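Trainee: I am new to this structure and would love a close look at a single part of it. Could you pick a spot and walk me through what surrounds it?

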Amino acid sequence: MAKPIEKDKLIFGNYGPGVRSDCQVSMGLLTKGGLEIDLNSKVNSMYGKSIREMLRDILVFFEIKNARVTIQDSGALPFVILARMEALIKSHVKSEKEFLPDMIAENLYKSENERFRFSRLYLPGNSPSLMLNAGVHQPGGLILDLEDSVSPEKKYEARFLVRNALRQLDFMGTERMVRINQFPSGLKDLAFIVNHNVHLILVPKCEGPEQIIQLEDEISRLKELAVKDDTVFLMPIIESALGVEKAFEIAVSSTNIVAMAIGLEDYTADIGVRRTSNGDESLYARTRLINACKAAGIQPIDSVFSDVGDMEGLRQAVRKSRSLGFEGMGCIHPRQIQVIHEEFYPGMDEVDKAARIVKAFQKAKEDGLGVVSLGTKMIDAPVVKRAQKTIDLAVDLGLWQRSGDK
Amino acid sequence: MSVHKVRDFINEAPNYKYQMILKDSEKVKNAAGRWVPKNVNGEAQTPYKGIAKHKPKTAKFGPRGVSCADYPDDGNKLLASLREALVKAGLKDGMTISTHHHFRNGDYLANQIFDIAHDLGVKNLIWFPSASFPCHEHLIQYLKDGTIHHIEGSMNGPLGRFTSEGKMKGLGVLRSHGGRYQAVQDGEVQIDIAVIGAGCADSFGNANGLSGPSSTGLLGFALADSQYAEKVIVVTDNMVPFPCYPWQIQGNYVDYTVQVDKLGDPEKIISGTTEITKSPDRLFLAELTARFCEHAGIIKEGFSFQSGAGGTSLAVGEFFRKIMKEKGIKARFARGGSNKYLVSMLEEGLVEYILDGQTFDLEGVRSMAENSRHISTSPFTSYNYHGKGNFASLVDVVILGATEIDVNFNANVVTHSDGYLLHGMGGWQNCLFSKTVILPVPLFRDRIPVIVDEVTTLCGPGELIDVVVTERGIAINPGRKDLIKAVKGSGLPIMTIEELQDKAEKICGKPEKPKLEEDIVAVIKWVDGTLLDSVRKVKQ
């Protein structure tokens, strides 16, 4: 008898002062009486009817015929309500089924290896209100975070929300990223994100190639199950002394690794020092990571700058980061994006150089040469591709006019 | 008919609840296609006829003549208490009592007036504030017990909710700041007793808001009341010997003066809205709005602007500052509520004059007192539509808010999409006469789309609204071909308002219409005194 009573007390989602665009749900299974929905919604007059219908749909889908559902809603979007409900239902009844909201057409685009990754914005994976307009700010990537920004008791429900967000939240052209949990629980996150057009998975506290191999195995298994084959890029995050020592091995452990980031909060804790603003204590780790990435031909990405109020400090940090060789930085607030972009955007000298490379490539093609060279230097195909990206970006930024062969 | 038609109407039937369920014959469809009552609180109304269509045909209202013989030779009109002043002013059933919102959410005065009225057993008063605030929730008890019959002014927060649920005895009447001046000037509202709270005053009644613990900068909202009310009481907590100068309110209009300990809570007088928003989404919206103005060529040497006191509007001002500095542009004047941001633009020389209608923080108060280019204005100079012009129409660009905007660019600022009356109009309607009107709004709030098929309540006709800026796109009124042309090729996300609506509905779902009853609980006046729309009772 004790167990069902406990389940009646299970509550998912968030509701209360200061909580917006979310809802809280609970349910008691009954033996008869049909479905009873007790809805208290801020948007009742506009969406009360459709919320009730949606709840019935998902309950019927999971074959729940008699239950009392209580929902407190502060204006949650449908995909949020459905995520909360699915987390609730699956904690009451076992089911292999998934109630997937439609994948919106806006989210079907692909990413590519060579894309710039100047900025990536972390979004707490269990806080819908912070997700809704995140794309508007146009970071390079949007990260739905299942790791540090989600408290342990919310990890379970956050997976449903992140999955539904991947399908319904408009990422507005940004690279679609998820940070999974550390090993081994991070492996369980994969079922909620692979096959939902996730472009890139951030792998926290990565300490060796075997983790990457395990991860790739699970990703392949999930893709086969769904008979799907979307490329999923990986960005391991190095956050420990061991990880730093293994940086190169990790970087070359999979062709899907396109970038590698450093996480300095955990790293400095691991080596037992305090993180300072000038970062002397992590200089070795950062330069080693950069070197490993460059050797492996992937992008080295810097840690986040945690003082969101200090824009000048951020600017200095980005300049330093770029001068060391980093090609991007994490953000924890949308206002950081613009500063990071301004500092990472190519200078005119770089644009000129890129233009020369592209021109040399075009000429080699016209001349029917298999090898591209600029002066006496040979140029690899990926370098040409990157140069083309730089030109595209410069055109977008108005730094360059695409007028034939300038 | 007596001059006090409304007073007689409600006094003749003190317990009569104004019949709000109107038959078709008692309603009329106005030029905006909205059904409005022919009669409001016993008084015949003119339905809205269109912009610039209705003109007054009668002379302006004049209060009863007076003589110096009835006032003290030494000029000392000081009485012992507010209660004594109200009694001497002849407070009685059915009177119209006016107050002003200079003290905003820190106001003690309005509540005290009705405490006294209740104590004296006076009934059926009409409260005529220039705006109400959540602190006036205190008055709900008097709306319930019949001390106050109805409100003509604004019904914010709790008072709005009370009104929307059909609990007020009479019909609420909502006016803009300019409409309030117009209504008083034209005699639509005849004020029996005006109570003017002032940061500083002398016993003769000269008053200003420039100093003292309850300083508010200016007192412009009380100007009409001082000129046209039957009895005028000035109340201050900072009495100075004659002369109190500058006399924003002239003592020659004043009957009695009163000194009190405290007019309000200074911390709440300076409202919290004068901080720039920290919300990244709103900052983005503000920046996009400023960029639109830049590309449209609005930000140019000698231009003028007005931007409200809300967090987003303040931020628009700051982005204007950035653009102006980069390009070396100076504005001739900025209109509006002043605040520390605008003051610093004045002091940096980015703005030559502030024409101030409402001072929002202490920096504004200081600047107005010290700087001759920071000028006190009133609804008469800025907003009154029945004047020989007003300043609002001279402004190049105004940035305003809205709760809803429909696909015809009509906008609502008083009710929410659930039908509840929660805000007043302030100077919003009056500002629509600016050369370019821009409404930066989120595409949706929580799940509620801002762009709708048809606004719940019409406050501003779409012909006057030029641009809607949302974080996901900008819609320009098709009537503004010049603006559409100006921003072509700018890279700004220009789209039709239907596309914006569609974007929001794809995310939020198509909302159902609010469930409203036939009963009318309040009416919306247009700037010329005609009836623009009705607010209906919310179904509970």
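**A close look at the sheet of chain B**

Mentor: Happy to! Let us warm up with one residue of chain A: A:Gln168 is buried, because 22 other C-beta atoms lie within 10 Å, and 20 or more is the cut-off. Please keep in mind that this is a predicted model. A:Gln168 sits in helix H5 (residues 155-168) of chain A. Leaving aside neighbours within four places in sequence, A:Gln168 is in contact with A:Phe79, A:Pro101 and A:Ile104.

Now to the part I would like you to study, the sheet of chain B. Here 10 strands make an open sheet with mixed pairing, and their order is S5-S14-S13-S10-S6-S7-S8-S9-S29-S30 (chain B). Its edge strands are strand S5 (78-79) and strand S30 (531-538) of chain B, each of which pairs on one side only.

Find strand S8 (residues 148-153) of chain B and let us work outwards from there. S8(B) is mostly covered, with six of its six residues buried. On one hand, S8(B) pairs with strand S7 (residues 125-129) of chain B in the parallel sense, over three bridges. If you want a place to put your finger, B:Trp127 has B:Ile151 in S8(B) as its bridge partner. To get from S7(B) to S8(B), the chain passes through helix H4 (residues 140-145) of chain B, and this β-α-β crossover is right-handed.

S8(B) also pairs with strand S9 (residues 172-174) of chain B, again in the parallel sense, over two bridges. Here B:Gly153 stands opposite B:Leu174 in S9(B). The chain goes from S8(B) to S9(B) by way of helix H5 (residues 157-164) of chain B, in a right-handed β-α-β crossover. That helix is worth following a little further: H5(B) lies across S8, S9, strand S29 (516-525) and S30 of chain B, and runs at about 135° to S29(B).

Elsewhere in the sheet, strand S6 (residues 96-99) of chain B runs parallel to strand S10 (residues 193-198) of chain B, and two bridges join them. One landmark is B:Ser98, whose bridge partner in S10(B) is B:Ala194.

To place the sheet in its setting, look at how the chains meet. In all, 20 residues of chain A are in contact with 19 residues of chain B. On the side of chain A that touches chain B, the largest share, five residues, comes from helix H2 (residues 44-61) of chain A. By class, that side of chain A has eight nonpolar, eight polar and four charged residues.

H2(A) has a helix partner in its own chain too. The axes of H2(A) and helix H3 (residues 78-92) of chain A come within 10 Å and cross at roughly 35°, and the crossing is right-handed. H2(A) brings A:Ile51, A:Met54, A:Leu55 and A:Ile58 to this contact, while H3(A) brings residues including A:Ile81 and A:Leu82. The residues of this contact are nine nonpolar, no polar and one charged.

A second helix pair in chain A rounds off the tour. Helix H12 (residues 311-324) and helix H13 (residues 335-344) of chain A have axes that come within 9 Å and cross at roughly 35°, also in a right-handed crossing. Among the residues in this contact are A:Leu314 and A:Val318 of H12(A) and A:Val339 and A:Phe344 of H13(A). Its residues divide into six nonpolar, one polar and four charged.

Notes:
Residues numbered from 1 in each chain as written. Chains lettered and ligands numbered in written order. Predicted model: local features only at pLDDT ≥ 70, side-chain atom pairs only at ≥ 80, totals over all residues. Contact = placed C-beta atoms within 7 Å. Helix = DSSP H or I, 4+ residues; strand = E, 2+ residues; numbered from the N terminus. Nonpolar A, V, L, I, M, F, W, Y, C, P; charged D, E, K, R; others polar. Buried ≥ 20, exposed ≤ 12 C-beta atoms within 10 Å, placed from the backbone. Pairing = 2+ DSSP bridges. Right-handed = clockwise from strand over helix to strand, strands pointing away. Axes fitted to C-alpha atoms, helices over the stretch in contact; angles between N-to-C directions. Left-handed = near helix turned anticlockwise from the far one by under 90°.
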